[in-house]
Amino acid sequence: MFGKFPFFLFLIFISFSSHAQTCELKILGKVVDKNSLKSIEFASVYVEELVQGTVSDFSGNFEIKNLCPGEYHLVVRHIGCETQNVLFTLTSDTLWTVYVEHGSQLLNEVTVENHAQESKSQELEVLSSKDINRQLSKNLGQALENISGVSAIKNGNGVAKPVVHGLYGNRLTILNNGIAQSGQQWGFDHAPEIDPLLANRITVIKGVGAVEFMGNSLGSVILVEPKKIEKEPHLHGMARYFFNSNGLGNGVNVELQQYHKWLAWKVNGTLKKSGDAKTPDYFLTNTGIEEYNFAVELEKQITAKWTTNLYYSSFNTKIGILRGSHVGNLTDLKAAFESEQPFFTQKEFSYDIQNPRQEVNHHLFKASSKYLFSEQAWIEFVYAKQLNYRKEFDVRRGDRDDMPALSLDQESDFFEAKFHYYFKNEWHLKAGFQTNRVNNQNIPETGILPLIPNYLTTERGGFLIAARDFEKMKLEFGARVEEEVRKVASISNTVPRKVLNFENRYLNYTASLGMLYTFSEQFSMNYNVGFATRNPEVNELYSNGLHQGVSGIEEGDINLSSENAIKNTLSFTTKKKDRLFVEVLIYHQYIQDYIYLQAQDEFRLTIRGAFPVFRYEQADAQIYGLDLVTKYQINEKWLTELNYSFIQGNEIDDNTALINLPSNSILSTTSFQIPQVKSLKNVELEMIHKYVFEQTNITKDQDFVVPPDGYYLLGFRASAEKQFKSIRLGGHVGVENALNAKYRDYLNRQRYFADEVGRNLTVGAVVSF
Amino acid sequence: MKTKLLYVFLAMALFACKEDDENEPVAPVIPNEEEVITTVRYTLTPSGGGTVKVFQFQDLDGDGGNMPVISGDTLDLNRSYTGSLEFFNELETPADTITNEVLEEGDEHQVFYQNTSGDFVVAYTDTDRNGNPIGLSTTFESRTAGGLLTVILRHEPNKTATGVPGGDITNAGGETDIEVVFPVNVR
């Protein structure tokens, strides 16, 4: 895939003179396009130690003269590419060729891949965090939202979980630094506990690339990866700050790293706080967020062939849930929907977080060790432990506000051994096995019958991937088998209460075949087909009772069987020089025994009134759609992009539309770019249009209220960079929902109660040294 | 060196693979469901004496599980009663009287009485610390027609909104803690 190396800068150093002269050394350089080998002008090269730089000329050449032997920090910049820093140890005159994938700005920073290839650019870890830096205030779900084929399912603005090709939660694996995120994945209101600012690269695998990873994915995988510690003996760091006018949100993130001979280290920390967001008409009372995250990474090169890495990250958040979205029964829900503004709306802004609120802590500890037998073969061992604590507080009677209504602890232990082997004849083999143990328990402090039972799951799996590169084609085949044993201890909902024990055993299979065929420089095709099974989750089997948040009685079914899915994706990519990029991806997923909540023809009487009953049922279903990504570089200064996502899904038997599928959407960005304005570099002005269509497939009887109308959002953003000696400063200002549009989104549960957030001015700054 | 390391790794792998099927999940602690309301009882005592009428909604296992049991009663024609509304949690032994909790937080609660026939007249006789009605104590007048009486307990309603102090739920907002319907006969 072209999407493999966005913002690709590849460096080759060639010594052409061995006699060092005192302070008369020079670097002769040339910047060329990686694909066309055409020279690139106006790329800037800056030497921090000299506090001066140069710009490549018409034929891409540049020259830095009068250098003493020693170390130099060089900064290479080209519009659209992430600024790259290189430590240069100069002993002699050096010829330096900088390969820039010039067309790379035609690709998304958040890489969209259709195929999990092994040819990862580990040695070229210069993949930028440009896009993450542009949306510093966003959580993971929001950050991914603008990718074609990806959306977010939300409960208000603070809780967003990513949706890829219509699947989310238990059906989508999210890997945090290579480890499948282990937390409460069910429901609308549990967002992944990952700070995107700890990552430098987020990858969405849309096809069936999940063979290598443990988890229940029915296809897509999201990889959140921190950047490797740069092999750089000096202390380097970065500080980032953001401000949001809507909700008066502020956040800082600091990262420091150093590659010592005896130990490489990196630390990263984030602090965020925001208050009540505001729709065009009213404050969304109690929608503040507080968050503090921390990560530390240590890497030790034990021998030339053996590297060990330790990583710890901690994610901690407190999220307010819109006060007016807490309802007692169906009458309340209807009243809330008919009300002009949500109940309990305050006239004043506040940072206070009252009930209902969530407090979530997630800790990940990872130890990995990699041993290279040779350049072609290595083995890697990983151990990871995750601790996930979730407490949800409701509005309750008496002095029970500090008593959580839901309190779950989850502990998981993961072990993995992976073996890679590159044969000389272009074959590449990868095999491995994993074990995972998840212990989920309710902390008995709620005074409420738990919604999710206690359980202990043991998973064991193994995989094999074989890949081969031909001249014009890459082929990859993978298979995986996984056993899951789950022991469940739940509490009866009849009196006298007693403990009920269950045991489930499942065998899950995954197989995938991927093919990338390159017809020419300009045209390529990617086909991926995969089969996957997913066993029913605990909530689907054992839920029983009133889910007050959704005003319904949810009933699990202990007889549910596993889902079997076949997904086909086919994409065509056209790339015309560095001008035009078009990618069309079509996909179809057939899911046998798709598990979903079906409204029953039945109301159940409780003391709060009658509630509709929803039962987990199974039916054969299909989801299909199209993702279109086009980028056109009109000239040196103008770049325009257009993304379109179309998705549809239904039950095969009766054509009933599947609920909670994203609406179709169009996103268009037009940017005006200037490499240099006075002392400002990479000046960029953008205009962003987004249109989300009405979800018209849902019928009236499938939901309490009909899906909201389509909506249009307009945004602007201006960004620039500036260099002060060895400090680089980047910044942006922008406005989201510039027209202050009043709208609701189908995938946001808060739509029953309130409008979406109105106009928001954003400011972001990145300082790095 | 290389082989030694490999042995270490293999040992780690085997260790990670060891059979741990005998492990069990943490035994759940059956919660003390002190907040649950299982029973709503509306007692009508006729003025001037006579048989006390009792209307009761009882769901002994809480939400879900078995169906609740609802019992109505028959009132006299054109009679005045003193109404008393009580809430219990019968999951506890002895049964816990939730009415006290509601009374203590009277300013955060209000009971609303609605009827289909319009032939019952319910009036509040109690007040919270702000002088607004709570609705646990009432007067009840029957006329000639029977019908359905709906009793609603709202948590954190807007007690000063238009009509609310008079018992009109329309502008009350808040969350419904209780909504039960009693059949009322008049003879």
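**Entry 1. Domains of chain A**

I looked up the domain assignment of chain A and found domain 1 (2–104) and domain 2 (108–228 + 237–343 + 354–482 + 490–768). I then took the C-alpha centres of domain 1 and domain 2 of chain A, which lie 37 Å apart. I note at the outset that this is a predicted model.

**Entry 2. Confidence along chain A**

I checked the confidence next. Chain A has a mean pLDDT of 85, and 91% of its residues reach 70 or more. I asked which elements of chain A have the lowest and the highest mean pLDDT. The lowest, 28, belongs to strand β9 (residues 112–113) of chain A, and the highest, 96, to strand β18 (residues 264–274) of chain A.

I recorded two stretches of low values. Residues 1–21 of chain A stay under 50 in pLDDT, and the model has 59 contacts for them beyond four places in sequence. Residues 102–128 of chain A are also below 50, with 84 contacts in the model beyond near neighbours in sequence. I keep in mind that predicted coordinates should not be read in detail where pLDDT is low.

**Entry 3. Contact between the chains**

I looked up how many residues each chain gives to the contact: 46 come from chain B and 53 from chain A. On the side of chain B that touches chain A, the elements giving two or more residues are α1 (2–17) and β11 (175–186) of chain B. I sorted the residues of that side of chain B into 22 nonpolar, nine polar and 15 charged.

**Entry 4. Make-up of chain B**

I counted two helices and 11 strands in chain B. Read from the N terminus, the elements of chain B follow the order α-β-β-β-β-β-β-α-β-β-β-β-β. Chain B has 187 residues, and 36% of them count as buried. I also looked at contacts in chain B between residues at least 6 apart in sequence; 61% of these join residues at least 24 apart.

**Entry 5. A four-stranded sheet in chain B**

I traced an open sheet of four strands in chain B, with the order β4-β11-β10-β7 and mixed pairing. I asked why one side of β4 (73–75) and of β7 (109–115) of chain B is left without a neighbour in the sheet. Both strands stand at the edges and each has a single partner strand, so no strand of the sheet adjoins that side. Neighbouring strands of this sheet are turned against each other by 35° on average, direction ignored.

I followed one pairing further. β4(B) and β11(B) run parallel and are joined by three bridges. B:Thr74 has B:Asn185 as its bridge partner in β11(B). I note that β11 of chain B is also one of the elements on the side that touches chain A.

Definitions and conventions:
Residues numbered from 1 in each chain as written. Chains lettered and ligands numbered in written order. Predicted model: local features only at pLDDT ≥ 70, side-chain atom pairs only at ≥ 80, totals over all residues. Domains from an automatic or database assignment. Contact = placed C-beta atoms within 7 Å. Nonpolar A, V, L, I, M, F, W, Y, C, P; charged D, E, K, R; others polar. Buried ≥ 20, exposed ≤ 12 C-beta atoms within 10 Å, placed from the backbone. Pairing = 2+ DSSP bridges. Axes fitted to C-alpha atoms, helices over the stretch in contact; angles between N-to-C directions. pLDDT = per-residue confidence, 0-100.
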